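Let's take a walk through this chain together. The sequence and the model appear just below.

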Amino acid sequence: MEPHWDDLKCFLAVARGESLSRAGRVLRLDAATVGRRIGRLERDMDVVLFTKSPQGYALTGEGQRLLAHVLRAEQAMAEAVDDMAGQGSALSGQIRLGAPDGAANFLLPQVCAQIVEDNPDLEVQIVALPRVFNLSKREADMAIGVSPPSAGRLLVSKLTDYRLHLAASDMYLRRHGPVNRLADLKGHRMIGYIPDMIFDAELDYLGELGIERVALASNSVSVQFNWIRQGGGLGVVHDFALPSASGIRKVLTREVSLTRSFYLIRHEDDRRVERLNRFAALLSEGVRREVARLERLT
């Protein structure tokens, strides 16, 4: 029996989310309905598509083969919609963007808000997670990374360089004294990443400084920034984040000055989707402009 397209959409959502509940939230269906449609699809095709475990739903070999076909169908549909809409019209539809939470919190809100302001029918979703996104499973339409991936069928373009420095709040420095040289760091409380949760070597800022003990650690840049803002200690911050909070100052700017880069990562199959090409161009321009503007204020 020929499968229903709605069932295939459920299959795709479960394959990406690895759970019925997450798929249901994406599709705006309850988990039981998603489960019934997956069951119907398996009966219609006479195959088992998922294995269930405490970790969630994992694709079987048959499921992996079906996934490749359904992704191609989804891609063809996107290209058809794009072609019918025409290149001269405003952007519309939904675009999901994955990003590390530093960019997601301090750069992308204002950049994406302006794009949507200029394209009222467009919906932008920012997924802020401190990890690498799997574009092959279509977890997002595109992603921002801190290093270019070395494998996969991906389109990668450099967005911009950005700077980072050690910083502390005025409150903390009043209580614990100034920091005039690198050796002074040994007497201060450090804030940074949880060592075994650093998902990219480019984020091992404190390791470069030879600092082994982190008294306050989080996998979230925003948590680290708020600890610094509230007087918790010293940590490495993005220069573009500093204008969002008063009372934080950079220290040891000559001794500690880091430069990193953001990269825009897309699936190679999206090269022909003009809507995503146009959004990527607007996003790239906006991120470069916003980083430059905010860094001038520090």
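What follows covers the overall make-up, one helix pair, the aromatic rings and two backbone angles.

**The chain as a whole**

Please keep in mind that this is a predicted model. The chain has 10 helices and 11 strands, and its C-alpha atoms fill a box of roughly 75 × 50 × 35 Å along the principal axes. Of the 298 residues in the chain, 44% are buried. Among contacts with a separation of 6 or more, 75% are between residues 24 or more positions apart.

**Helices H1 and H3**

Two packed helices are described by the angle between their axes and the distance between the axes. Helix H1 (residues 5–17) packs against helix H3 (residues 31–45) at an angle of about 110°, and their axes are 9 Å apart. Angles of 65 to 115 degrees count as roughly perpendicular, so H1 is roughly perpendicular to H3. The crossing of H1 and H3 is left-handed.

Which residues make the contact? From H1 come Asp 6, Asp 7, Leu 8, Cys 10, Phe 11 and Val 14, while H3 supplies Val 34, Arg 37, Ile 38, Arg 40 and Leu 41. Sorted by character, the residues of this contact comprise 7 nonpolar, no polar and 4 charged.

**A closer look at Phe 11**

Phe 11 sits in helix H1 and is one of the residues in the contact with H3. Is Phe 11 buried or exposed? Phe 11 has a relative accessible area of 0%, so it is buried. Setting aside neighbours within four places in sequence, Phe 11 touches Ile 38, Leu 41, Leu 49, Phe 50, Leu 59, Gly 63, Leu 66, Leu 67 and Val 70. Two of these contacts, Ile 38 and Leu 41, are also among the H3 residues listed for the helix pair. Between the C-alpha atoms of Phe 11 and Glu 42 the separation is 9.7 Å, with the two residues 31 apart along the chain.

**Aromatic rings**

Phe 11 also belongs to a cluster in which ring pairs link it with Phe 50 and Tyr 57. In total, the model has 7 aromatic pairs. A pair of aromatic rings is described by the distance of the centres and the angle of the planes. For Tyr 162 and Phe 262, the ring centres are 4.1 Å apart and the planes meet at 20°, so this pair is stacked. Tyr 162 belongs to strand E6 (residues 154–169) and Phe 262 to strand E11 (residues 257–267), so to speak a link between distant parts of the chain, 100 residues apart. Both Tyr 162 and Phe 262 are buried.

**Two positive phi angles**

Most residues other than glycine have a negative phi. Asp 46 has a positive phi although it is not a glycine, and Leu 252 likewise has a positive value. The table sets out their places and values.

| Residue | Phi | Location | Relative accessibility |
|---|---|---|---|
| Asp 46 | about 55° | loop between H3 and strand E1 (50–53) | 69%, exposed |
| Leu 252 | near 50° | loop between strand E10 (248–251) and E11 | 7%, buried |

Asp 46 counts as exposed because its relative accessibility is 69%, whereas Leu 252, at 7%, counts as buried. The loop that holds Leu 252 lies between strand E10 and E11, and E11 is also the strand of Phe 262.

Key: Residues are numbered from 1 along each chain as its sequence is written. This is a predicted model: local features need pLDDT of at least 70, side-chain atom pairs count only at pLDDT 80 or more; totals for chains, interfaces and linings use all residues. Side-chain values use heavy atoms; hydrogens and water are left out. Axes are lines fitted to C-alpha atoms, for helices over the stretch in contact, and angles run from 0 to 180 degrees between N-to-C directions. Helices (H or I, at least four residues) and strands (E, at least two) are DSSP runs, numbered from the N terminus. Angles under 35 degrees count as roughly parallel, over 145 as roughly antiparallel, 65 to 115 as roughly perpendicular and the rest as oblique. A crossing is left-handed if the near helix is turned anticlockwise from the far one by less than a right angle, and right-handed if clockwise. Contact means heavy atoms within 4.5 Å. Ala, Val, Leu, Ile, Met, Phe, Trp, Tyr, Cys and Pro count as nonpolar, Asp, Glu, Lys and Arg as charged, and the others, Gly among them, as polar. Rings of Phe, Tyr and Trp (its six-membered ring) pair if their centres lie within 6.5 Å; planes under 30 degrees apart count as stacked, over 60 as edge-to-face and the rest as tilted. Buried means under 20% relative accessible area, exposed over 50%, partly exposed in between (1.4 Å probe, protein chains only).
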